[in-house]
Amino acid sequence: MFRFSWIKTVFALLACIAAMWVRPVGRLPRLLKVLVLAGAVCFVLASALSPDPVQALVGRWPRYEGVVVLGAYLGCLWAGARILPGSTGTHRALVTWAGAAALVLAVPAVLELAGFRPLGGGAGDRPGGLLGNATDEGAVGAMLLALLLPPAVRERRPLAVAGLAAAATTVAASGSRAAYAGAAVAVVIVGAVSWRSWTGPQRRTVLVASGAIGAALAAALAVPAVGARLLNSSTVEGRWLLWGESLRLAADHLLAGVGPSRFVDVLPAYHDAEWAAQVGTGFPPDAPHLWVLQAATSGGLLILVPALGCAVVALVFGVRSIAGAGSPAEKAVQASLLGAVVAYGVVLLTAFTTPGTAPLAFFLVGGLVGQRLPVNRPKGPRNRAASADVPRTPPVLVRWIAAFAAVAALAQAVPATIAEWPMKAGTDLVAQGKIVPADEGFSSAAALRPWDADTPMLAAQAFAASASEGNTQAGEQAVRWARRALAQYPDSLESQLALAVGLNATHQEGVARVVLDRAIRAAPNNAELYTQRAIASFQQGDVASSLTDAHHAAELNPTRAEPWQLLADIYERTGNTPEAQTARQNAQARR
């Protein structure tokens with residue numbers, strides 16, 4: 001059902017386990033280790049201070065960035081520092097696989113851009129990729145572009161050249177302004193560091209490649225889906241609204257934030273009428289789309305300070321690694337790593353971390369900042385002093401403990417991945433009206449993820465969608481699954497809405513109004529909540545309250561047809577034909 005989180009986390013964990021058993025060539029700087037450890041401790045503390053520590057620690061749908069997923073990110077950071085610094089063979093392998101990955105990623109990117117949907121979705125949906133949405137696709141494309149540019153120019157390796165073209169195509173196909181900016185910054189960084197060491201033909205190659213990349217981006221603008229995305233100002237306005245509300249939220253919870261993974265349920269209290277009119281409630285954001293605000297809202301200063309410290313230290317060590325490079329080739333390698341890392345940072349100025357993109361970025365950060373281990377020297381009186389400075393290999397016990405932790409993480413990640421298949425089956429069966437087998441599918445998924453409050457929430461939403469079309473049996477299941485979700489995570493606004501829909505469908509309007517009153521106190525500008533309360537009020541015979549809520553829903557979200565259609569139904573059933581006709585015309589105009 002959702003392929004962008006758990007299965008990516010499984011692969012990242014397997015990579016970390018593999019890195020434990022290879023001979024290290026580098027290590028993380030001690031200062032960065034201290035900051036990362038401090039950040040991990042602060043994350044646990046912020047989770048403990050949140051209203052629901054368990055869900056904060058395990059993470060929530062769709063990104064599940066709790067202990068396991070964030071641990072996989074940090075494991076990739078450690079793996080990059082362990083195997084990348086100063087290793088020519090490893091870097092050649094990285095370039096080879098980066099080129100192959102770029103070619104693989106470009107295929108669905110181009111197909112999606114052409115209007116085909118090999119990854120699912122409707123014809124009007126925004127194009128996506130193998131690793132996430134279009135922005136995620138563009139972020140990875142920008143990182144791969146930075147990695148492949150130096151070897152494509154200096155060595156003209158066929159796979160690097162082909163991969164570079166594919167990475168540029170992926171960025172162009174994404175239609176993501178952030179990815180375009182990240183790719184441009186990456187090219188500038190790599191070019192600025194390596195320009196003096198390139199020969200005349202190599203410089204001309206770079207200029208031609210840059211022109212080709214620019215032409216690809218310009219050509220992408222001619223594609224309606226990309227052009228509409230790039231030139232659409234509503235997304236920019238939506239970001240400004242989101243950042244402003246997120247900033248107010250962070251200011252109100254300055255020390256410890258609202259708790260990891262609680263953003264999606266707390267932010268609606270800060271939505272105003274402008275948000276309701278411009279953005280609506282269809283896709284509630286679960287992150288501020290800006291990494292600094294993401295840290296600040298999740299854990300306040302507790303998480304923001306170490307996160308900023310890690311970012312600054314990583315950049316400083318990255319610049320130092322370029323300055324201390326022993327040859328132009330080594331400097332080009334470090335420049336490509338810095339370009340890739342900064343490109344990802346640029347994308348995170350308008351996006352958020354995901355398991356589809358973050359493992360690669362953290363791995364490259366490790367390679368950028370990793371300190372090369374001294375080569376062991378033969379034992380003897382002359383080398384005794386030098387040997388004392390050589391770091392010892394971590395004890396076998398430490399590696400076994402780390403391996404055990406990774407396997408324990410897999411014990412959560414693998415069943416969570418498997419659960420996506422019955423989740424998908426359950427959703428499809430609900431859409432077909434097959435309620436009983438759908439319930440069995442969701443039950444199987446919940447058994448695989450008993451710790452996850454969002455599995456029953458997603459089941460409740462699927463049943464609620466069917467219940468809103470008059471399926472009473474689906475309404476009963478929506479109530480059951482929503483109550484189960486709320487028992488695990490009482491603050492979930494989405495679960496409360498699904499519960500209200502199910503209660504209305506099963507003629508429990510009084511209980512529905514109690515649920516909706518509570519939800520509206522938490523999210524006073526959510527049009528869907530007022531729509532459902534209008535339905536409950538009308539079914540109870542309270543026509544005046546029903547009309548008030550329906551009108552308010554129409555005012556909050558003036559582009560939606562549903563509130564006007566509800567008003568038309570209410571007026572028609574109460575015999576007010578002129579008002580019913582007007583409301584119906586308004587609904588028709590918005591379809």
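**View 1. W61 and its ring partner F2 in the predicted model.** W61 is partly exposed, its relative accessible area being 28%. F2 is likewise partly exposed, at 24%. Since both values fall between the 20% limit for buried and the 50% limit for exposed, neither residue belongs to those classes. By the centre-distance rule, the model holds 10 aromatic pairs. In the pair formed by F2 and W61, the ring centres are 5.8 Å apart and the planes meet at 55°, so the pair is tilted. This pair joins distant parts of the chain, 59 residues apart: F2 lies in the segment before α1 (6-20), and W61 in the loop between α3 (53-58) and α4 (67-83). Ring pairs connect F2 and W61 with F4 in one cluster.

**View 2. R60 over the ring of Y489.** The charged end of R60 is placed over the Y489 ring, at 3.9 Å from the ring centre.

**View 3. Helix α22, residues 472-488.** The helix has 17 residues, and at 1.5 Å a residue the expected span is 24 Å; the C-alpha atoms at its ends are 25 Å apart, which agrees. At the start of α22, a side-chain oxygen of N471 comes within 3.1 Å of the backbone nitrogen of Q473.

**View 4. Buried residues of α22 and what covers them.** The buried residues of α22 are A474, G475, Q477, A478, V479, W481, A482, A485 and L486. Among the elements that cover them are α20 (435-448), α21 (454-467) and α23 (493-505).

Terms used:
Residues are numbered from 1 along each chain as its sequence is written. This is a predicted model: local features need pLDDT of at least 70, side-chain atom pairs count only at pLDDT 80 or more; totals for chains, interfaces and linings use all residues. Side-chain values use heavy atoms; hydrogens and water are left out. Helices (H or I, at least four residues) and strands (E, at least two) are DSSP runs, numbered from the N terminus. The expected span of a helix is 1.5 Å times one less than its number of residues. Buried means under 20% relative accessible area, exposed over 50%, partly exposed in between (1.4 Å probe, protein chains only). Contact means heavy atoms within 4.5 Å. A polar contact is a pair of N or O atoms within 3.5 Å; within protein, one must be able to donate a hydrogen and the other to accept it, and residues adjacent in sequence count only if both atoms are side-chain atoms. Rings of Phe, Tyr and Trp (its six-membered ring) pair if their centres lie within 6.5 Å; planes under 30 degrees apart count as stacked, over 60 as edge-to-face and the rest as tilted. A charge sits over a ring if NZ of Lys or CZ of Arg is within 6 Å of the ring centre and within 35 degrees of the ring normal.
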